[in-house]
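Work through the exercises below with the coordinates open. Each task is followed by a stepwise solution.

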Protein chains: 2
Amino acid sequence: MDCLSRLRKNIETKVAISDEDFSKIASYFRRQHLKKKKDLLRIGDTCDELAFVCKGALRSYSMDARGVEHVVQIALEDYWMADLYSYLNNTPSNIAIDAIEDAEILLIKYNDVDTMCLEFPSMERFFRKLVEKAYSATLQRINSVKSLPAEDRYKNLLKNQPELLQRIPLIYIASYLGMTPESLSRIRKNV
Amino acid sequence: MDCLSRLRKNIETKVAISDEDFSKIASYFRRQHLKKKKDLLRIGDTCDELAFVCKGALRSYSMDARGVEHVVQIALEDYWMADLYSYLNNTPSNIAIDAIEDAEILLIKYNDVDTMCLEFPSMERFFRKLVEKAYSATLQRINSVKSLPAEDRYKNLLKNQPELLQRIPLIYIASYLGMTPESLSRIRKNV
DNA sequence: TTTTTTTCTTGACATAGATCAAGACAATTT
DNA sequence: AAATTGTCTTGATCTATGTCAAGAAAAAAA
């Protein structure tokens, strides 16, 4: 399936749109290919775009005082990725975004999101619902990082997002789950 | 300041509204008093309302397998609180919400949020921006729980939300920060 | 005020998970 | 195919933070 069809399908999981509206909506996006390991956003840059993953995988990560990377999010097909914090607060980003598989993405400027949402109220609704869902999932994740031992966090991922474990190197998964690769390896041996 | 004025001011930090529209918007909300320690939502119930705090303080928390409470969020005046996850997935809530200070709140049914947003596009925009901000803050929080030692998490809270430390018992703060009261006490002794 | 309950502190000890190190694979690149 | 780089595993050890216990202080209830 091509990039724009995926986008349309993704939007239509939440709101209905006409062919005519969709073609105008689509024109706000630009397509980009991102080779594995290439950056979409560097730490220190200001993020002003939102990415929709059509193919491949992106990850966002921060770096702590000792230079250790911490994976914040992993986005496979049909997921959206950005550093909202950097944009909303107009501050340099403290996270980076890169591709962990060759990726096809659609990009839209945040300013254009706002414009588009005024032009198409159903897109305003779409983004509200999209962010609501992402927000609620992230609160669940905070809760799991704080209240579950490493093994349970791994088991939950296995149950809820098995595809990640099949596609993404364990070093990234470990970091996403908030543990070291060594710990994850030992946990997997026991499960 | 009365409850509805606070609500209006909160909305107007993000979008403009006329007197006429606001009075219709206000009519979607109902006011409630919640005494300290009283529940707004119990674990296992389905959450179908969104709360705006006019006065006092709410907290949401989960309970782990051993019966230990984990504070997910603390909401002082002008903050919104709900278990979005329960509503969006129509599942029994795995978090509870109660008052940690006597509270005045405004409640609105989620279904009414959707209706209201169709009637007033600026409210759709308001909620999109509200949730965007909450989402980005929550991602930052995940990152801090995963990448910072307990002492740094405490220092960040001290810098960013000093009011919490003045008003809220440290047992809740500790849990919110993802540590035990004992650890927080020792950290505070050293800072 | 007195009593009861809740919150906070401190010490002794335990432990989940981190760190360090080294080797085995696996996947890219040349 | 060989060389290089990236990923995964395993063992030995360490450490930040948790757990348990007990008392002090503060707040709420009687």
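A cavity is a set of grid points where a 1.4 Å probe fits but cannot get out, and its lining residues have an atom within 4 Å of a point. The model used throughout is predicted.

**Exercise 1. Cavities**

Task: Find how many cavities of 30 Å³ or more the whole structure holds, and state which element gives the most to the lining of the largest cavity.

Solution.
- Step 1. Search the whole structure. Three cavities of 30 Å³ or more turn up.
- Step 2. Take the largest cavity. Its space is about 100 Å³.
- Step 3. List its lining. From chain A come residues including Ser60(A), Val72(A), Gln73(A) and Tyr85(A). From chain B come Ser136(B), Leu139(B), Gln140(B) and Asn143(B).
- Step 4. Assign elements. Strand S4 (69-75) and helix H3 (84-88) of chain A, with helix H5 (121-147) of chain B, each give two or more residues to the lining of the largest cavity.
- Step 5. Pick the top contributor. H5(B) gives the most, with four residues.
- Step 6. Classify the lining of the largest cavity. Six residues are nonpolar, five polar and one charged.

**Exercise 2. The second largest cavity**

Task: State the volume of the second largest cavity, and say which element supplies the largest share of its lining.

Solution.
- Step 1. Read the volume. The second largest cavity has about 80 Å³.
- Step 2. List the lining. Chain A gives Ser136(A), Leu139(A), Gln140(A) and Asn143(A). Among the chain B residues are Val72(B), Asp83(B) and Ile95(B).
- Step 3. Assign elements. Helix H5 (121-147) of chain A and helix H3 (84-89) of chain B each supply at least two residues of this lining.
- Step 4. Rank them. H5(A) holds the largest share, four residues.
- Step 5. Classify the residues. The lining of the second largest cavity has six nonpolar, three polar and one charged.

**Exercise 3. Cysteines**

Task: Find the disulfides over all chains. Then explain why Cys47(A) has no bond to the closest cysteine sulfur.

Solution.
- Step 1. Search all chains. There are two disulfides.
- Step 2. Take chain A. Cys3(A) is joined to Cys54(A), with an S to S distance of 2.4 Å. The S-S torsion is about 115°, so this disulfide is right-handed.
- Step 3. Place the partners. Cys3(A) sits in helix H1 (residues 3-12) and Cys54(A) in strand S3 (residues 49-63), so the bond ties together parts 51 residues apart in sequence. Cys3(A) and Cys54(A) are buried.
- Step 4. Take chain B. The sulfur atoms of Cys3(B) and Cys54(B) are 2.4 Å apart and form a disulfide. Its torsion is about 115°, so the disulfide is right-handed. Cys3(B) lies in helix H1 (residues 3-12) of chain B and Cys54(B) in strand S3 (residues 49-63). Both are buried.
- Step 5. Check Cys47(A). The closest cysteine sulfur, in Cys117(A), is 16 Å away, too far for a bond. With 5% relative accessibility, Cys47(A) counts as buried.
- Step 6. Check Cys47(B). This residue is in no disulfide, and the nearest cysteine sulfur, in Cys117(B), is 16 Å away. Cys47(B) is buried, at 4% relative accessible area.

**Exercise 4. DNA strand C**

Task: Determine which residues come nearest to DNA strand C, and which element gives the largest share of the surface near it.

Solution.
- Step 1. Collect the neighbours. There are 19 residues around DNA strand C, and Arg66(A), Ala150(A), Ser183(A), Leu170(B) and Lys189(B) come nearest.
- Step 2. Look for base contacts. An N or O atom in the side chain of Glu182(A) is 3.2 Å from a base nitrogen of the strand. A polar side-chain atom of Arg186(B) is 2.9 Å from a base nitrogen.
- Step 3. Look at phosphates. A polar backbone atom of Leu170(B) is 2.7 Å from a phosphate oxygen of DNA strand C.
- Step 4. Rank the elements. H9(B) gives the largest share of the surface, four residues.
- Step 5. Classify the surface near DNA strand C. Seven residues are nonpolar, four polar and eight charged.

**Exercise 5. DNA strand D**

Task: Split the atoms of DNA strand D within 4 Å of the protein into sugar or phosphate and bases, then find which element gives the most to the surface near the strand.

Solution.
- Step 1. Split the atoms. Sugar or phosphate accounts for 68%, and bases for the rest.
- Step 2. List phosphate contacts. Side-chain N or O atoms lie 2.5 Å from a phosphate oxygen in Arg66(B) and 3.2 Å in Lys36(B). For Ser183(B), a polar side-chain atom is 2.5 Å from a phosphate oxygen.
- Step 3. Rank the elements. H9(A) gives the most, with four residues.

Technical notes. Residues are numbered from 1 along each chain as its sequence is written. Chains are lettered from A and ligands numbered from 1 in the order in which they are written. This is a predicted model: local features need pLDDT of at least 70, side-chain atom pairs count only at pLDDT 80 or more; totals for chains, interfaces and linings use all residues. Side-chain values use heavy atoms; hydrogens and water are left out. A disulfide is a pair of cysteine sulfur atoms within 2.5 Å. Buried means under 20% relative accessible area, exposed over 50%, partly exposed in between (1.4 Å probe, protein chains only). A residue is near a molecule or strand if one of its heavy atoms lies within 4 Å of it. A polar contact is a pair of N or O atoms within 3.5 Å; within protein, one must be able to donate a hydrogen and the other to accept it, and residues adjacent in sequence count only if both atoms are side-chain atoms. Ala, Val, Leu, Ile, Met, Phe, Trp, Tyr, Cys and Pro count as nonpolar, Asp, Glu, Lys and Arg as charged, and the others, Gly among them, as polar. On a 1 Å grid over the protein atoms alone, a cavity is a set of points where a 1.4 Å probe fits but cannot get out, and a pocket is an open set with protein on both sides within 12 Å along at least five of seven lines; lining residues have an atom within 4 Å of a point. Grid points are joined across faces, edges and corners, and a volume is the space filled by probe spheres set on the points.
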